[in-house]
2 protein chains.
Amino acid sequence: MELKVQQLQIKAGKFKIVLNPEDAKELGVLEGDRVQLKDHSYLTAVVETGNMIPKGTVGVYQECCEKMGPVCPLVVNIIPTSRPSSVGFIKKMMDRQKLTQEEIYQIVQDIVRDNLTEIEMSAFVTTSYIHGMTTDEVEWLTRAMIDTGEKIEFDTHPIMDKHSIGGVPGNKISLLVVPIVAANGLLIPKTSSRAITGAAGTADLMEVLAPVEFTADEIKTITEEIGGVIAWGGATNIAPADDKLIRSEYPLSIDPRCQLLASIMAKKGAVGADCVVIDIPTGAGTKVPSMQEGKKLARDLIELGERLGMSVECAMTYGASPVGRTIGPAIEVREALKVLETMQGPNSLIEKSTALAGILLEMGGAAAKGRGKEQAMETLRSGKALKKLKEIIEAQGGNPNITHTDIKPGEYKADLASPADGYIIEFGNKRIVEIARIAGAPKDNGAGVWIHKKKGEMVKKGEPLITIFADKNWKLSNALKSAEKDFPLIVEGMLLERVQTFKVV
Amino acid sequence: MELKVQQLQIKAGKFKIVLNPEDAKELGVLEGDRVQLKDHSYLTAVVETGNMIPKGTVGVYQECCEKMGPVCPLVVNIIPTSRPSSVGFIKKMMDRQKLTQEEIYQIVQDIVRDNLTEIEMSAFVTTSYIHGMTTDEVEWLTRAMIDTGEKIEFDTHPIMDKHSIGGVPGNKISLLVVPIVAANGLLIPKTSSRAITGAAGTADLMEVLAPVEFTADEIKTITEEIGGVIAWGGATNIAPADDKLIRSEYPLSIDPRCQLLASIMAKKGAVGADCVVIDIPTGAGTKVPSMQEGKKLARDLIELGERLGMSVECAMTYGASPVGRTIGPAIEVREALKVLETMQGPNSLIEKSTALAGILLEMGGAAAKGRGKEQAMETLRSGKALKKLKEIIEAQGGNPNITHTDIKPGEYKADLASPADGYIIEFGNKRIVEIARIAGAPKDNGAGVWIHKKKGEMVKKGEPLITIFADKNWKLSNALKSAEKDFPLIVEGMLLERVQTFKVV
């Protein structure tokens, strides 16, 4: 059917068109069906229907216009066509049938090419969440995610990499691990993410110090020159399926295990990693509440690594409390930089960073077995790690002469005072992150929460428990209101319960 | 955050807005999150992001504009808000936890109010398909679907109703069942659907004879006056959740059993039905391939009816072959009308219609036990059913004097001739429906397929197997091409295989 084109000037995120309901009936198509737009070439698009499009006209979203050439055609021929075969494969999954490698590849390719609608994407992630995948399927999913994106191929080996499962606030350790590893002569091309539900991702942190948006080629060049890089993965085309899957999972608050595994290992596989250490924070409030679950996850990651030719070690870390005492981009970077400059700073941060860096040093052959952590500590203490980080900052286009005192928290701040003498008996990780986000993190980099008292520490009435920082006064006031309404810490005195004298009845 | 309103003049099917990615970051919201639009009142909308909306502006889809009042405001205040609790209940279902009646009601209400995004709707139907629901949950789902829509309350009882599970082509029996039942003094307010993937739904058929779009009040009035009505359910607000669920299920080609049950019984419950007969076509190519599955479905329907206070009987019917010899709106109506006028017509149509009508006559007390079918046949033979149908046509605003010869098939037609002498050994129901749809059914009411030879019948080479009708020549030619490319019937001679003389090697 020949229809006049009406450009909609709106991006739909997919190849979509809008038909008048009468024309849709005439064509025998319903919402969610596919049609081909035939001009010089063919383009498959998803049908929406709506009365705002007059009969005889097709509303064309921007993606379709752009795909059809430099000038959007005035008239196109619309031909009904069938759904991508992926939709049938997703149905197969629902019916508990195993998929072949080709079928999984097809699904991933259609995801990357935006060929699946939100309904189809949601069915895929929901089914993945409910049924899971076999080990073979997870391997194929990972390979498909690698192969449908850009890959970096290094000439020198081994390539080291590090990943944190997430879920623990203040986890700024990459700022220490990467320079420690690189300072020991190993290559570590670290791609990282921005916070989605957190207060600061590694990419958000590094951005306080230097630009983080690089192509895969640039990441390769910097790594080969300096030994390390801390880039935002989202600026590359590495494992692009991952980001699209996250967009469908986020609204449902699900993180299917099979996709978690594939997502981590695809990003490592695509940068050509040989040795990978994975930080699995466990404990209440993290993504992995129990040791048992953590161990299962570790085994799965190690097996998947083996199948993909990567050597993987996992570190189960304490995740019930934040790492260090800062949450939010600028103050986290300030804390990390201070450790690099002076070795002064929270034990949790120094211990965790050197432990993970140590594992990588041993895996990469830069330290003897059992001596990795010590050597990592020495690299930190000697100033070599700081020197390496400055090289990385410079290579990424930042100012290498920056010191921790140059990094200022937001100009607006407020303390949350302890309501009583006593001990911190509960520390709400998630609430602290929420408060940091309301204060503006990660968008406003000065926003965040400085923790004065952690779980188990003693506090006097009126002493500050946390300080909230913000770049904007109204955000500070919202954050403070939220914190006062639902207090993030519980302080209890030594006297837990007072038993009254017996009363004579 | 105060933002300038840019009206998008496009319907999104949901309450949706578009934010510039910078503003979204500033607000701390991601795609799929909810915000409140605050003008005089509050309206919750789903966030999309896009660069085509300038910073400081919010793109507002038409639904939101309309909801905010007669004039769309120039500026609105945007406040992040949480997801509807339904999303958490859907997550609970994914985790195999049972829902409460209140939780199911909340989901259905949010579906009816368009509060759930496509991702959330898809997660709900996918999970329903995979996990199913308990009998309690199905009852609550049905009650919620009834209570979130319009209901008809009759003063006279019993109210009779009939439903076909579908999947068998040419199933025009409602055109006979409704007048037979009504002619016997019972009330039967039949709401029906249009074809989605079929060639003609009951509403499409009735529309050949009279208008079918009535409000619930009009359906009540006509039924009370005449005894029966054949209306399109989609024009009412009866069980409106059903249509919205179908829109999410159709793109995935799934029909979760729990929603099939709830959908049928909600529509019957909402019109106040006391006695319901349900036609379950079984056999290859239908929705219920085996007798065993059919019986399970029948038991589920009967139990659900009991819980809702409805008396339900199910009829397992032969569904491997079309009912009658016509497929497509006009020719199906012509065939049905001819039976009513002359008792001449296919046995399958007369038998099935009188059998189902007979069950209703017995259930409603209009016929003695065991005598329903005979009485239905007599009602048909005596012309009382025809007279009643004419009254219904007139009450619905059609021409009561219409006869079957007035109803003309499409003016373009082509025969598909038998390639050989022999018998029809395979008859492709689904292919026949596809061909009728390519020829224009149900949109073009003259389009369809006339079946000359059914399974098991003898045919001579060159004799027509089917005739394809169309209102438009180009559609006829497409249908014919499709039929020739993938032949819908298989003819085989009596000699099935010829065994050759042995050859001397």
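A residue counts as buried if 20 or more other C-beta atoms lie within 10 Å of its own, as exposed if 12 or fewer do, and as partly exposed in between. Keep that handy for the exercises below, and remember that this is a predicted model.

**Exercise 1. Decide whether A:Ser253 is buried or exposed, and say where A:Ser253 sits.**

Step 1: Count the neighbours. A:Ser253 has 11 other C-beta atoms within 10 Å.

Step 2: Hold that count against the cut-off. Exposed means 12 or fewer, so A:Ser253 is exposed.

Step 3: Find the place. A:Ser253 lies in the loop between α10 (240-249) and α11 (257-270) of chain A.

Step 4: Look at the backbone. A:Ser253 isn't a glycine, yet its phi is positive, near 50 degrees.

Step 5: Try B:Ser253 too. Its phi is also near 50 degrees, and with 11 C-beta neighbours inside 10 Å it counts as exposed.

**Exercise 2. Work out how many residues of helix α7 of chain A are buried, and what follows the helix.**

Step 1: Go along the helix, residues 174-183. 10 of its 10 residues are buried, so you can call α7(A) mostly covered.

Step 2: Pick out some names. Among the buried ones are A:Leu175, A:Val178 and A:Ile180.

Step 3: Carry on past the end. Next comes A:Gly185, with a positive phi near 85 degrees.

**Exercise 3. Describe the overall build of chain A.**

Step 1: List the elements. Chain A has 18 helices and 18 strands.

Step 2: Check the radius of gyration. It is 26 Å for chain A, close to the 23 Å from the globule rule for 505 residues, so the chain is as compact as a globular protein of that length.

Step 3: Add the box. Along the principal axes, the C-alpha atoms fill roughly 85 × 75 × 45 Å.

Step 4: See how much is inside. Of the 505 residues, 55% count as buried.

**Exercise 4. Find how chain B relates to chain A, and which helix of chain B gives the most residues to the side that touches chain A.**

Step 1: Superpose the copies. A turn of 180 degrees and a shift of 0.0 Å along the axis lay chain B on chain A with an RMSD of 0.0 Å.

Step 2: Read off the symmetry. The two copies are therefore related as by a two-fold rotation axis.

Step 3: Compare the surfaces. 100% of the contact residues of chain B recur in chain A, so the same surface serves both copies.

Step 4: Count the contacts. 34 residues of chain B are in contact with 34 residues of chain A.

Step 5: Rank the contributors. α5(B) gives the most, with nine residues.

Step 6: Sort by type. This side of chain B divides into 14 nonpolar, 10 polar and 10 charged residues.

**Exercise 5. Tell which side chains of strand β18 of chain B are buried, and how β18(B) pairs with β14(B).**

Step 1: Recall the rule. In a regular strand, side chains alternate between the two faces of the sheet.

Step 2: Apply it to residues 489-492. B:Leu489 and B:Val491 point to one face and are buried, while B:Ile490 and B:Glu492 point to the other and are not.

Step 3: Look at the partner. Strand β14 (residues 422-427) pairs with β18(B) in the antiparallel sense over four bridges.

Step 4: Zoom in on one pair. B:Glu426 stands opposite B:Ile490.

Terms used
Residues numbered from 1 in each chain as written. Chains lettered and ligands numbered in written order. Predicted model: local features only at pLDDT ≥ 70, side-chain atom pairs only at ≥ 80, totals over all residues. Helix = DSSP H or I, 4+ residues; strand = E, 2+ residues; numbered from the N terminus. Least-squares fit on C-alpha atoms with pLDDT ≥ 70 in both. Contact = placed C-beta atoms within 7 Å. Rg over C-alpha atoms; globule rule 2.2 N^0.38 Å. Nonpolar A, V, L, I, M, F, W, Y, C, P; charged D, E, K, R; others polar. Pairing = 2+ DSSP bridges.
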